[in-house]
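Reader: I am new to this structure and would like to understand the words people use for it. Could you walk me through them?

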Amino acid sequence: MPPDVPSLHAPLSLHVPEPAVRPGGNPSFSDLDIPEAGAVRRPEVDVAAAEIRDLAYTLIRVLDSEGRAVGPWAGSLTDEELLAGLRDMMKLRAFDARMLMAQRQGKTSFYMQHLGEEAVSTAFRRALEPGDMNFPTYRQAGLLIAGGYPLVDMMCQIYSNENDPLHGRQLPVMYSSKEHGFFSISGNLATQYVQAVGWAMASAIKNDSKIAAAWIGDGSTAESDFHAALVFASTYRAPVVLNVVNNQWAISTFQGFARGGSSTFAARGHGFGIPALRVDGNDYLAVHAVAKWATERARRNLGPTIVEYVTYRAGAHSTSDDPSAYRPKTEFDAWPLGDPVARLKNHLIARGAWSEERHRQGEAEILDEVVAAQREAETHGTLHAGGKPSPRDMFEGVFAEMPPHLRRQRQQAGY
């Protein structure tokens, strides 16, 4: 059509997703379809992906409103195991509170808390075996705590002091521990997803029995590495669990941007022929049951599974963030899936395995443990006081044999 001839069509307009509510409004999660606890079927582990497409659009739940464990996904844990899981979550929450306070006191430059998301990483960790490897983001410290990693070492890393296991080379909270199945965290979003698939492929090539777990937040699924990981995982049937933590907010951007036209993040697996599950991320029992299902599938050489955990980031994205600028302050209070710690506590009380008094006592004991660890860590230094990693460390840990030019530089620097 010549440029001077008027178009017969209406002008185009760009669609920009908008959250349901902004600061000052009344929080609403009416668009979240929540089935009754126990209503979602549990398929056999060797089921074909095409036969469980519906499980990407629902929500696997075990705990009902009365604190009872119901349905086909219930029964994977004993009371003793559940009590251990409750302590894991309580410890992570107490750890968060102390480290957040330490950052406000200037003892560290940065911190990221897990408030409201404790069940996801702690329950998943209990489904793994020694030698399995997690490729986490910065909000899966529960993997370390549930795996028995020393709190003092975590705190020394946060303080970047003389006892920092990573010698000051990483941003605070970007832990690393091969022994505890926790691959080094990268600040570059989504890179760990491809690495997890590659590690899983290597395990299969070596005819090993170890599996990998990839972790990513809802916002980072918009990165190309997420999609590349799904291609390789699907093509080579890698023994990997592809975890997506949908906590509703990617810093100041609500999850609708990254989700795009897909109704759920789990449904992204359908285009790659990957089995996809969606679970209540604030239900410890449901998270663990789904994790056991997906890890067994990987361990039986049946390929990858993508799992979406529907949860809510109750705190700020990090200590550099002010969530009141982009969402209502009362939004967590309106979150329909509740508090993961309270839900598991209520379940154990209903079973007669716990009580309010024992819970208060447990909180006090855990706080004492965390405070004692903090005191010990601070004897080795904090951000602005005490011992620091040696500058010599910057020259080491890179080459098996240090090149001559680095040896000269180290000598010139006096180390």
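**Salt bridges, rings and a strand**

Author: Happily! Let's start with a pair of charged side chains: Glu-18 and Arg-22 form a salt bridge, with their closest N and O atoms 3.7 Å apart. The model is a predicted one, in which local features need pLDDT of at least 70 and side-chain atom pairs count only at pLDDT 80 or more, while totals for chains, interfaces and linings use all residues. Residues are numbered from 1 along each chain as its sequence is written, and side-chain values use heavy atoms, with hydrogens and water left out.

Reader: Why is the contact of Glu-18 with Arg-22 called a salt bridge?

Author: A salt bridge is a side-chain nitrogen of Lys or Arg within 4 Å of a carboxyl oxygen of Asp or Glu. The closest N and O atoms of Glu-18 and Arg-22 are 3.7 Å apart, so the pair fits that rule. By this rule the count comes to 23 salt bridges.

Reader: What makes Glu-18 count as exposed?

Author: Buried means under 20% relative accessible area, exposed means over 50%, and partly exposed is in between (1.4 Å probe, protein chains only). Glu-18 has 53% relative accessibility, so it counts as exposed. Its partner Arg-22, at 40%, counts as partly exposed.

Reader: Which salt bridge does Asp-321 form, and is Asp-321 buried or exposed?

Author: Asp-321 meets Arg-313 in a salt bridge, at 3.8 Å from N to O. With a relative accessible area of 15%, Asp-321 is buried. Arg-313 is buried too, with a relative accessible area of 1%.

Reader: Why is the pair of Phe-135 and Phe-183 called stacked?

Author: Rings of Phe, Tyr and Trp (its six-membered ring) pair if their centres lie within 6.5 Å; planes under 30 degrees apart count as stacked, over 60 as edge-to-face and the rest as tilted. The ring centres of Phe-135 and Phe-183 are 4.4 Å apart and their planes lie at 25°, so this pair is stacked. Phe-135 is buried, with a relative accessible area of 1%, whereas Phe-183 is partly exposed at 32%.

Reader: How do you know that Phe-29 and Trp-335 are edge-to-face?

Author: A search of the whole structure finds 14 aromatic pairs. For Phe-29 and Trp-335, the distance is 4.9 Å centre to centre and the angle between the planes is 80°, so the edge-to-face rule is met. Both residues are buried. Ring pairs also link Phe-29, Tyr-312, Phe-332 and Trp-335 into a cluster.

Reader: What makes Arg-42 count as sitting over the ring of Trp-73?

Author: A charge sits over a ring if NZ of Lys or CZ of Arg is within 6 Å of the ring centre and within 35 degrees of the ring normal. The charged end of Arg-42 sits over the ring of Trp-73, 5.3 Å from its centre.

Reader: Why is strand β6 described as largely enclosed?

Author: Strands (E, at least two residues) and helices (H or I, at least four) are DSSP runs, numbered from the N terminus. Five of the five residues of β6 (residues 276–280) are buried, so β6 is largely enclosed by the rest of the structure. Ala-276, Arg-278 and Asp-280 point one way, and Leu-277 and Val-279 the other way.

Reader: How do you know that β6 pairs with β7?

Author: Two strands pair if DSSP finds at least two bridges between them. β6 and β7 (residues 305–310) have five bridges, in the parallel sense, so they count as paired. Arg-278 stands opposite Glu-308 in β7.
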